[in-house]
Amino acid sequence: MSHIRSSRRQFVKQSRAIASGAAVPLFWARRLRSGESANERLRVGSIGVGGRGTLVGNTACRLGEKIACADIDRAHAERFAGGQCEVYTDYRELLDRKDIDVVTVGTPDHWHTKIVIDAVKAGKDVYSEKPLTLTIDEGKKLCQAVEETGRVVQV
């Protein structure tokens, strides 16, 4: 019997890639249920694109069209955009756009709940990095917003 040996580093790297790739299938399923063509590409907005947010945003953009990004650090946003999309330093301006279907959230942890709630209220489906909330009360508010809007949120 042969044994495949991999390092912890290799395992973590592969796991991250798989987890990031799992972010988009729920959004595709929702579009198919709504009767939209499977050939239509998701229009993606990415909020928080420094570090991990870059990986998450780029993974989502492989299955959709990179429309806009927002990061309080304009240098992060411009590097992520690469001249391919609109750049914002205020995520609320990104959420105001009607041409964005899905938003990825890769901001610091304490911003996840507020941005996800704002995004679902703006009519966007969301993929957020963990932790989604920091308190039970935040979780309750987030669940209420998702129920009221009927949007898809994946963590």
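**A parallel sheet and its pocket**

Strand β1 is joined to strand β2 (residues 64-70) by 6 bridges, and the two run parallel. Helices and strands are here DSSP runs numbered from the N terminus, a helix being H or I over at least four residues and a strand E over at least two; two strands pair if DSSP finds at least two bridges between them. The model is predicted, so local features need pLDDT of at least 70 and side-chain atom pairs count only at pLDDT 80 or more, while totals for chains, interfaces and linings use all residues. Residues are numbered from 1 along each chain as its sequence is written, and side-chain values use heavy atoms, with hydrogens and water left out.

Within the pairing of β1 and β2, G45 has A68 of β2 as its bridge partner, and I47 has A70 of β2. Between β1 and β2 the chain passes through helix α3 (residues 52-62), and this β-α-β crossover is right-handed; that is, with the strands pointing away from the viewer, the path from the first strand over the helix to the second runs clockwise. β1 also pairs with strand β4 (residues 102-105), again in the parallel sense, over 4 bridges. There, G45 stands opposite V103 of β4.

Strand β1 (residues 42-47) has 5 of its 6 residues buried, so the rest of the structure largely encloses it. Buried denotes under 20% relative accessible area, calculated with a 1.4 Å probe on protein chains only. Of the 155 residues of the protein, 41% are buried by this criterion.

The wider sheet is open and contains 6 strands in the order β3-β2-β1-β4-β5-β6, with parallel pairing. Its edge strands, β3 (86-88) and β6 (153-154), each pair on one side only. The protein has 7 helices and 6 strands, which follow one another from the N terminus as α-α-β-α-β-α-β-α-β-α-β-α-β. Among contacts (heavy atoms within 4.5 Å) between residues at least 6 apart in sequence, 52% join residues at least 24 apart.

The largest pocket has a volume of about 380 Å³. A pocket is an open set of points on a 1 Å grid over the protein atoms alone, where a 1.4 Å probe fits, with protein on both sides within 12 Å along at least five of seven lines; grid points are joined across faces, edges and corners, and the volume is the space filled by probe spheres set on them. Its lining, residues with an atom within 4 Å of a point, comprises 18 residues, of which I72, Y91, T107, W111 and I115 lie nearest the centre. Helices α5 (91-95) and α6 (112-121) each supply at least two lining residues.

Definitions and conventions:
Buried means under 20% relative accessible area, exposed over 50%, partly exposed in between (1.4 Å probe, protein chains only).
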